[in-house]
Amino acid sequence: MKVLLTGGSGYLGSILSRKLIAKGHGVRILDNFLFGDNSIKDIKNNKKIEIVEGDIRDLSIVGRSLKNIDSVIHLASIVGTQSAELDPKTSIEINFMATRNIAELCKIYKIKQFIFASTCSVYGAQPNQLIAENSEVNPLDSYGQSKFQSERAILQAYDYPTILRLGTLFGASYRMRFDLAINLFIAQAMNKEKITVFGGDQWRPFLHVDDAAEAFSFALENKMEGIYNVIWKNITINQMAKDVKKLVPTKIDISKDIVDKRDYKVTGAKLEKFGFKAKKDITYAVKEFKEKIQDDVKNYTDEKYSNYKSFFNSKSLQRKVYTQGPIFKQ
Ligand SMILES: NC(=O)c1ccc[n+]([C@@H]2O[C@H](COP(=O)([O-])OP(=O)(O)OC[C@H]3O[C@@H](n4cnc5c(N)ncnc54)[C@H](O)[C@@H]3O)[C@@H](O)[C@H]2O)c1
């Protein structure tokens, strides 16, 4: 199968691209390399990989990228609440409008399958219940809203899409991110710093990034259709900090300022019925951090490991992403 993978050099995409070529698929990556292309350097010359450098907002590039493609996996996005909130108009352009265009082009080009990376953030704050795919959605911020609007547009534009609503990711990747809760906690503990918890009683569904990549590959190979939650397990932020502390002893500092109000428990039973089960846990993540990440990462607080800090600080990145607006610097 020949797959167009947007966002293929990101935290999730750099793992998924390798998984797909290992399974014998051809992969065309469409990415504007907001965070560089180091994450895919060693696979760039693989016969099964083709790279298109470009912005998903550019219709002509998307159109050309769709030639001779069987299936599309669409990951490219401004990812995370803080990053999306920097300039909500840009997030709408990239996360929603470009996604709608891609879905429409997929229909015109008769692409066999369209798989979209959505997020459990569409559920917002709904404590005291177990949320399934047909539960109400309640996105709290422009990131969640743009993802939910995209889901609706895709369902309208393309006949039988696959939408995977992922839990918050964690774990090692070729493009490391330390702006994700579990990764940050592990990095703090391994650097003998206190784990900083904001609020702490909020429930969240989590998912290892390698399991997330496996879920996309599973959906592709089984030609799944419909909306699926993909999670490993639900856990409170406090409990998660305690679990990390058990594996890497340190102290926990709890701040009562709740920065992120998302609070929800999600069931992944629908996908599990088809035979997919996320397996990788925090013990696995700590082990891989010690074995693969620790030596390479000199400073986990460096801006390159945080989407928000990168967008906020880097002028060249701002020129690539923003056409005007509050964050745009000449
Ligand atoms: N990381 C998480 O916890 C999480 C949770 C739920 C859903 N998701 C979804 O999974 C997907 C991948 O997330 P990630 O963590 O790998 O993010 P990431 O920020 O590491 O990767 C995003 C990739 O998209 C590319 N990109 C961004 N805007 C683009 C544009 N306009 N044109 C072309 N390429 C562009 C970037 O260069 C980058 O390679 C996203 O759709 C995200 O919403 C992620």
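Mentor: A helix here is a DSSP run of H or I at least four residues in length, with numbering from the N terminus. The model under discussion is predicted.

Trainee: What makes α4 a helix by that rule, and why does its span agree with the expected one?

Mentor: Helix α4 covers residues 88-108, which is 21 residues, whereas the rule asks for at least four. At 1.5 Å a residue these should span 30 Å, and the end C-alpha atoms are 29 Å apart, so the two values agree.

Trainee: Where does α4 bend, and what backbone angle does K110 take?

Mentor: The bend, about 25°, is at A98. K110, just after α4, has a positive phi of about 55°.

Trainee: Which residues of α4 are called buried, and what makes them so?

Mentor: Among them are T90, I94, F96, A98 and I102. The term requires 20 or more other C-beta atoms within 10 Å of a residue's own, so each of these residues meets that count. The buried residues of α4 pack against several elements, including α2 (59-65), β5 (113-119) and α12 (315-321).

Trainee: Which residues touch the most other members of the largest nonpolar core?

Mentor: They are L164, I182, F185 and V230, in a core of 86 residues. Beyond its neighbours within four places in sequence, V230 has contacts that include L164, L207 and A278. F35, L86, F311 and V321 belong to a second, separate core of five residues.

Trainee: How many residues surround the ligand, and which are the closest?

Mentor: The ligand is surrounded by 29 residues, with G7, G10, Y11, L12 and L169 the closest. The shell holds 15 nonpolar, nine polar and five charged residues.

Terms used
Residues numbered from 1 in each chain as written. Predicted model: local features only at pLDDT ≥ 70, side-chain atom pairs only at ≥ 80, totals over all residues. Core = buried A, V, L, I, M, F, W, Y, C linked by C-beta atoms within 7 Å. Buried ≥ 20, exposed ≤ 12 C-beta atoms within 10 Å, placed from the backbone. Contact = placed C-beta atoms within 7 Å. Helix = DSSP H or I, 4+ residues; strand = E, 2+ residues; numbered from the N terminus. Expected span 1.5 Å × (residues − 1). Bend = angle between axes of the 7 residues up to and from the residue. Near = placed C-beta within 6 Å. Nonpolar A, V, L, I, M, F, W, Y, C, P; charged D, E, K, R; others polar.
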